[in-house]
Each structure stands twice: as C-alpha cells, then as structure tokens.
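Student: Hey, could you walk me through this model? I'd like to start with the helix packing and then poke at some odd spots.

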Amino acid sequence: MNRFVAIDIGQLRIGMYVHLEMGWLSHPFPVNSFKITTQEQLQTLQALKLSHIQYDPRRSDVSLPPVDGEAEAEQVADAPRLSAHAQEMEHWSANIEVLRSGFHAAQASFDAVQALAQTQPQLARSRSDAAIDNYVTHLAAERDLSLHLLFDESGGSASAHGVNTAMLALLLGKTLGFDAGALHDLGVAALLHDLGKQRLNIFPSSCALNELVPGRAQPPQPYASHVGESVALAQAMGYAPAVTTAIAQHHECADGSGFPLGLLASDMDRSGQILALVNHYERLCNPPARGMVALTPHEALASLYGPYRQRFSPELLSAFVQTLGVYPPGSWVELTDGRQGLIVSVNMEKVLKPTVMAYGAAAGQSGQQLVELHQQSELGVRRGLNKDQVLPKVLATLQPYKHLCYFFDSSAVAGAEKVSS
C-alpha cells in the first residue's frame, strides 16, 4: 500500500523519509526515495523549487501535526498495527518499487543516449556520464551494498541489457578495487557496449548466443560488425581508450575463441575481460531470442565454471562469485526446512546468507514469505534448483515475469529504516 503523503516543501524536516517524483537526472541524489539526515540534504531539496513533496510518516523519525488535507497521515497513525510479517513484506515491496523506479529511470537515460548518439554525440556523452556518475557516487559512498532482483516486463529489452550489464560490471569492479575513475570508465563501456546495433539495424533479439552456428568460430555479418560500430560511436562521443578498448573486447575470450580479433587473456585489458564476463553471464540469464532457454543465475555461474571455464580468467570468476555469491539474485533454491524459494537479494558482505522469497502455506494467502538468512542461523540453503525442479505453483507465485533485472542499493540504510514489530 502506498504510504506517501504530499506535503508542502516548507514543512520538510531532518528525519523525514521522502520520495522525489522525477528522474534521476533532475536531482543530485543517488536514489529517488531516502531519509533526510543532514542540513545539506534539506537545503538541496528546498533548492529544487518544488511546491510539494511526497513524505512517508511510517518511515520518518519526525511527524507533522494533523492539518487539512492530511487525512491519510491520520489514518496511518490510527491504523491497527500490522503483523511483523506483513510489515516486513510491506517494507520490502516499497523498497522494490523505489528500486524499480530507479531502474526505469536508468533505462530512460540509456534510450536517450541511443537516440542522440549518431546526431548529437557530445550530448549523448553528457547523458552517459551523468547516469554512470550517479552509480559510482553511490558505490563510493556506501560500504554495505546489496544487489536486488527486480520483476519487470522490460528485462529482455536492449536498454535493460545495457543497464543490467552496467550494474554487474560496476559491482565486480568495486570488488576488484577499482577507483572512482576506473569504475566510471568501466560503467560507461558496459552501458554503451551494444550501441552499434542500432546503427546496423540489428534486432534487439540478436546476441552472440543465438548468432553462432555449428562449424563457425564467429557469428555472421552484420552481427559481428556491431563491435566496431559501438567503438566508433563511443569515439565520436569523445571517449578515451579506457572506454573504447573495453567495448572493443566485450566479445573476446581468454582462450582466443572470441571475436572480432580472437584475443587471448594476455592481450585484453582488465575492463575488457570484466565486460566480456558480465555480458556473457547476463545473456545466459536473459537470452533475448525466442526458443532460447534461460539459465537461472546459479546455473549460469555453474556453466561459467563448466563448459565456458576456459573463456574467462579464474581470478575474475572467483571475484564474480565473491560479488554475487553462489546463489545470485534470481536463483531458485531449496531451504534446509524443505521450502522452495527465490533469491531476491544478496548483500555483498554476506553473500552466503542471501534474502529469499520463500513459498509456503504458513506465509498467508499470498504464499510468500521473506526470509533473511543472515538473521536466522538455524536456516540456510540446502541446494540450488533448476526451474524444472520448482513446483508449478511456486513458479507462478514467485516469478511473475520471464526476464531478470538488477539494481543495487545500500543495505545499511534499508536495514536501519525497517519498520520494527
């Protein structure tokens, strides 16, 4: 249920939890919903020249006296206390909606870059830099981060692939100790790596996984040409080799089996290797072509250590597991109490204890129950599941969409703001 109330901008106070109804590029904050904790944040919000702002009384440390037009706030205060489970689910749902809003804003930024890349390359660059700077700032400011699974219909689109790849590349770069400048270049390269497909009129459903044919080491033209076209567009936007080289190598492999140049690991930049790895992983989880079987994230990781093992650096594979855990968001699991569930978030500091949306009759009419394994020492993951091992009713309840989308946020903030029972 939406608990936000519109209040006059002059009523803002430190301690209020607010939501900005505008795109990320229209304000300097890394997320659209947050609690005001400093005078600087308060002054920045007031400088946006908004007449009203959305405020959530339940997640705020201060409250406003009831006035005309704030009946909803009074109802919230007088409402019967929700059960601990209901409060937990409501908080999680609200947080996911905030993250989904951020994901859609990132997609909109990417769509704008695609529309401008060929005719206004400098403006396209400014949009790309601004989008990635938001993420890099957030990564640098927060030590306690989680990657979340988002259920979204747009998961198979070109913009979703670009944003997903950028999210994964940035998190892996952070694990590997990249500084802010290197993270920025990596994030831009990940966002723009398929930009050339639009110029070549390549369908969004085309990817290396379905373009390769038996007996051929490289996919046919014009698909293979999109790498060079993406590099050319990035160069026209004024990006340096730190960005364009990573784009040029996003289909290369450590064993020389990639394209267009068949490079070995020793010939590749670190950012190029990272981009090649996360791009391949994302396509395994979200193959865009009909008839292609999507792997669960756990299955995709297993394949990186199986049939695709020679294509990627062992060091990078180890860092990737360190970042996402053995069961990344979107993986199906069986818990030690026998329940089946879906991994919905992984804290980068506690990857062995992810958050699971479990299915069970005791969870209420929805059949859903949020299980935070880091808070339950007696409960854990017994094993990963393939989709064909998951009960149909569990699949229908817990995974409403086919494609997977990702976004990260601060676990520390989310935990501090959780409504107590």
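Tutor: Sure, we'll take helix contacts first, then a loop, an aromatic pair and the backbone.
Tutor: One caveat up front: this is a predicted model, where local features need pLDDT of at least 70, side-chain atom pairs count only at pLDDT 80 or more, and totals for chains, interfaces and linings use all residues. Residues are numbered from 1 along each chain as its sequence is written, and side-chain values use heavy atoms, with hydrogens and water left out.

Student: Cool. At what angle do the axes of H5 and H13 cross?

Tutor: Roughly 105 degrees, and the axes of H5 (residues 158-175) and H13 (residues 314-324) come within 9 Å. That makes H5 roughly perpendicular to H13, a label for angles of 65 to 115 degrees, while under 35 counts as roughly parallel, over 145 as roughly antiparallel and the rest as oblique. Axes here are lines fitted to C-alpha atoms, for helices over the stretch in contact, and angles run from 0 to 180 degrees between N-to-C directions. Helices (H or I, at least four residues) and strands (E, at least two) are DSSP runs, numbered from the N terminus.

Student: Which residues of H5 meet H13?

Tutor: Leu-168, Leu-171, Leu-172 and Thr-175 do, and on the H13 side the partners include Leu-316, Ala-319 and Phe-320. Contact means heavy atoms within 4.5 Å. By class, the residues of this H5 and H13 contact are seven nonpolar, three polar and no charged. Ala, Val, Leu, Ile, Met, Phe, Trp, Tyr, Cys and Pro count as nonpolar, Asp, Glu, Lys and Arg as charged, and the others, Gly among them, as polar.

Student: And H6 with H10, is that crossing left-handed or right-handed?

Tutor: The H6 and H10 crossing is right-handed, meaning the near helix is turned clockwise from the far one by less than a right angle, whereas anticlockwise would be left-handed. On the H6 side, Asp-185, Val-188, Ala-189 and Leu-192 make the contact, and H10 brings Ala-242, Val-243, Ala-246 and Ile-247. That contact divides into seven nonpolar, no polar and one charged.

Student: OK, new topic: where is Asp-179?

Tutor: Asp-179 is in the loop between H5 and H6. A polar atom of the Asp-179 side chain lies 3.2 Å from the backbone nitrogen of Gly-181. Asp-179 and Ala-140 are 39 residues apart in sequence, yet 8.7 Å apart in space, C-alpha to C-alpha.

Student: How many aromatic pairs are there?

Tutor: Six, counting rings of Phe, Tyr and Trp (its six-membered ring) with centres within 6.5 Å; planes under 30 degrees apart are stacked, over 60 edge-to-face and the rest tilted. Among them is Tyr-135 with Phe-407, edge-to-face at 6.2 Å centre to centre and 90 degrees between the planes. The pair links distant parts of the chain, with Tyr-135 in H4 (residues 121-141) and Phe-407 in strand E11 (residues 404-410), 272 residues apart.

Student: Last one: which peptide bond is cis, with omega near 10 degrees?

Tutor: Phe-259 to Pro-260, and Pro-260 sits in the loop between H10 and H11 (270-285). There's also Asn-201, with phi near 55 degrees, positive in a residue other than glycine. Asn-201 is in the loop between H7 (196-199) and H8 (208-211). For context, most residues other than glycine have a negative phi, and most peptide bonds are trans.

How values were computed: A polar contact is a pair of N or O atoms within 3.5 Å; within protein, one must be able to donate a hydrogen and the other to accept it, and residues adjacent in sequence count only if both atoms are side-chain atoms.
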